Every structure is written in structure tokens, then in C-alpha cells.
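Work through the exercises below with the sequence and the model open beside you, and try each task before you read its solution.

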2 protein chains.
Amino acid sequence: MTDDKTLILLIEDEPQMRRFLRVSLQSQGYRLIEAETGSDGLVQVASRQPAIILLDLGLPDIDGLEVTEKLREWTTTPIIVISAREQERDKVRALDAGADDYLTKPFGADELLARIRVSLRHRARQEAGQDTPVFQAGKLQVDFNKRQVLLDGEEIHLTPLEYRLLTTLIRHADKVVTHTHLLREVWGPRQANQVQYLRVYMAQLRQKLEDDPARPRFFINEPGIGYRFKSE
Amino acid sequence: MTDDKTLILLIEDEPQMRRFLRVSLQSQGYRLIEAETGSDGLVQVASRQPAIILLDLGLPDIDGLEVTEKLREWTTTPIIVISAREQERDKVRALDAGADDYLTKPFGADELLARIRVSLRHRARQEAGQDTPVFQAGKLQVDFNKRQVLLDGEEIHLTPLEYRLLTTLIRHADKVVTHTHLLREVWGPRQANQVQYLRVYMAQLRQKLEDDPARPRFFINEPGIGYRFKSE
DNA sequence: GAGTCTTTATGAAATCTTTATGCCCAGCCT
DNA sequence: AGGCTGGGCATAAAGATTTCATAAAGACTC
């Protein structure tokens, strides 16, 4: 950390839009890093850990929607989508994929800055109550920063959905989380009634993380309601 | 559980906009309450505790900006501003006053719904790390947020209907609740005269929660009328 | 082609509904 | 007084229905 200015990542291929944003943001004291492609963007999010991501939908390699989905597999960093697509359908898709805001080009710098401040507020509130980068329960350890799960010290590989389901449950540890809530958080609002997904993935998590999958210690079912992660 | 639908408060004076939103939101399964003035809105936020606030800026009494500021003095409930003012200056002011999003009229219902889902996601993440209201009576403890019942510190498993019956009784603690009222709240209006359901489930609750089920301390029958939960 | 996600199928488990039985108590009759 | 009767109740348990767990087959992706 050379300096403590708020770091913003811009994923955008048009040079003139980049120039415009560079000026606007730096004049407000933000530090800006840039990526011209989706895949470079994904790498930079992981390596630089920006406070906010500004994402153009029309990228040369990966579509912005996909970038959003990939990011949401492991991070909750605010994503503000910036796009020329003004169709309502595009907005809904992006927001449901996990974006936090959607601005249509052209837009004013002041509005963007205000929306950035909103996202920073959210992030601050979120971090306030999230003091454990590493979660532990019994012989199970989850490192949210490394996206790593250890059982008895040994690393267990989880697929993206398995990991998201696990972390969602852990965030609500010991609380019953309803089917719809889990599905909305992990699969998105469109899949909110695909209860069978949950059954399948719960079985997989138990298979991988329970001593005796048939007599679970962590992943408790509450019939007719949802599931609960039991931390003790 | 009178209703587990997400509660949304709409603060808006134009009747036709209210009608439009009422239809859109209710079709998605949200429960909507309405306020026509800013001052009424402020009261309702406090009394009904909605999950989200939809706020029109042009209200007859207080300006929406002021409403936002007043709310932000004590609550972080998401506020989505809905306004005809499309000036960038207005947006910036509202967002900086504490609003979480800003939609300019006219807007599509789908976009609003998507932005509501974004706000609900934020709220859920925020609430994940919070502590909860707990009801206590004797050695019985009910944690509404975890949906968990403890007796003498030990966890007692309740089925969905048992739990709803218990919480309904507790919500009216020490008051007699009539048969029909209980049946309506727990089983729905169609089963309002299936009194035998109550007998069966009362017996089960006593079995699980009373020291001596035959001589109940909590679950008191009021012959011919209904039941009463005795808190001491 | 390996890894992952979605879909389908099936038996098991949990829950809900219904039925059956006996209790207690009040009122009523002889 | 004693016994009969019926309403309201508690409880147990059988039947019906819903929900779950799991394996495994298809579909999709890189």
C-alpha cells in the first residue's frame, strides 16, 4: 500500500471514456486502476482488491454480465455497471447477476461520483460487522480471503456454487435460512423456487465436509423451512 | 406469523403512481403499505419497520430530501427515491442525503423490481451479523431470528406448524386467543373451524415444552373460547 | 474430456391430517 | 343419590401427503 486513497478499478475498453473517468475520479482523490478486457479485470480484482468496480458491459472478450457472475462467485465488492445499453432487460439482468448499480451512458460525472459514495457507504457498513476473515467451527475452517476451506487442516476443494452456499449459510450461522433466501442469494432471484438444487448441493457439502454425511453435524435441515449451519 | 412477505413502504401522494406500484409489487409477492405524506411516512417507518422505503421527492408537506435526512438519523433501512426531477443536482443531493438509489419517472416496473432486489441483498448482508430479539418465560426461550426454541438451554425441535402456533400464542402472551383466530393465523382462513387441529398441536407443544404436560404451565385452555400462553 | 451444473428418479423420513378412544364435568332425569 | 348423556378436551396412533437425501444421467463449459 503506497498510499491509502480509495482504490477504484475501471474495466472499460473505450479510451475516451477511460480518459473522462480518470480525470473525474482522480480530481476527487480516488486512485484509479484500469483494465481493458474482462479477463484482465477479473485478475485485477483478485490481485489489487479495489474498493469499487466500475464495469462496462461491452467488452472485447467476455461479456460484462459474465464478468459480474464470475466476480459474485467469490466477492461482494460493489460493482457499478456503466453501459450504453439502455434496454430495461439489460439493466434487470445485470442487477440480478449481482451488480449494485447501473448507469446508462451518457451520464454526468457528479451522478457517478454520488453513486460511488453510496456504494462506499454500503461497503463500510458491511465491513463494520464482518470482523472474521477466517471462520472456524469444529474441525472446519473457512478462509474468506483465500477462498479456502480446510477440514482438519486439509484443504477441501469446493465448486463455486458449493462455496457460495457454504459461505451464505455461515454468514447466518445458527440461524435458519429459508429455501427462498438461500436460492436467491446463491442462484439468483429467478431460481428462487428450485428447491431441489438445494437438496443436491446440501448432499454434496455433507459428503465433503461431514464426518458422517447421513448424521450431519453442521448442515441441519429444518423440514418445510430451510437449512441451518450449526456452529457448535 | 401473520405474514412472512417482505414489507415495502411507499411514500407517494399521486394516486395513479400508487396504483401502478401497488399492482407491480403485489404481483411479485411483496406486501405494500402506503403513506401519502412525509410525516405519515416517518411514522410508518418507525411503527411498521418496512424492509424497504420507496420515496417520492415531491410530497405535499415535507420535502423528500428532508424525509431522507430525518430517517438517516436513526435507521439504515434502504431508501429508493422515485422522482420526476431529472436534474443531476437533485440526484446527487438525494443520494448524498442517504438515499440508496434514485429512479427518474417514468421508469419500468421491472427495473424498479430489480433495484428493490439489490437493496434487499444489501439489507440481508447487513443483517447477517446481527443479534436478535429473544422471548423468555421461565425456562423457555424463543429466538425469533434464529427460529430456535430452547428449554432450559437445550434446543427443542419444532415442526413448522408447531412453531407458528407457538409464536402466534406468544405474540399475544397472557391474552386469550380464540380458536378461529389461531386457526386463521396458523392454518389460514380456510381451516378456521378445524378446532381439532388445535387440540392435536396443543398436545404436541405441551409434550415438548411442559414439565408436566398433563398439568400445563404455559399452554392454558380457556374452555369454549380458545387458548392462552401464560408467561409467568 | 474433466469439471461443473442441471435434471430426473426413487426410497426414506418428516410432517400433516384424520380417526379413534377415554377423560372430565355439567346438567338432567328417575 | 346415582346414573345417564353430551360437549369440550387430551392423547395416541394410523393414514395421507409433503419434503428430503442420494445417486446417477444428461447438459453445458472451458
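**Exercise 1: a pair within one helix**

In this predicted model, Arg93(A) and Asp90(A) form a salt bridge between their side chains, with N and O 4.0 Å apart; the term stands for a side-chain nitrogen of Lys or Arg within 4 Å of a carboxyl oxygen of Asp or Glu. Task: explain how the two residues are placed along their helix, and decide for Arg93(A) and for Asp90(A) whether the residue is buried, partly exposed or exposed.

Solution. Step one is the position: both residues belong to helix H4 (residues 88-97) of chain A, and because they are three residues apart, about one helical turn separates them. Helices here are DSSP runs of H or I with at least four residues, strands are runs of E with at least two, and both are numbered from the N terminus. Step two is the accessibility, where buried means under 20% relative accessible area, exposed over 50%, and partly exposed in between, with a 1.4 Å probe and protein chains only. Arg93(A), at 42%, is partly exposed, whereas Asp90(A), at 12%, is buried.

The model comes with conventions: residues are numbered from 1 along each chain as its sequence is written, and chains are lettered from A and ligands numbered from 1 in the order in which they are written. Local features need pLDDT of at least 70 and side-chain atom pairs pLDDT 80 or more, while totals for chains, interfaces and linings use all residues, and side-chain values use heavy atoms, without hydrogens and water.

**Exercise 2: one arginine, two partners**

Task: find which residues Arg115(B) meets in salt bridges, and state which parts of chain B the pair with Asp101(B) ties together.

Solution. Begin with Asp101(B), whose closest N and O atoms with Arg115(B) are 2.9 Å apart in a salt bridge. Asp101(B) lies in strand E5 (residues 101-104) and Arg115(B) in helix H5 (residues 109-127), so the pair ties together parts of chain B that are 14 residues apart in sequence. Both partners are buried, Asp101(B) with a relative accessible area of 5% and Arg115(B) with 3%.

Next comes Glu111(B), which also forms a salt bridge with Arg115(B), at 2.9 Å from N to O. These two residues are four apart in helix H5 of chain B, and therefore about one helical turn separates them; Glu111(B), at 10% relative accessibility, is buried. Finally, salt bridges with shared partners join these residues into one network that includes Lys91(A), Asp101(A), Lys91(B), Asp101(B), Glu111(B) and Arg115(B).
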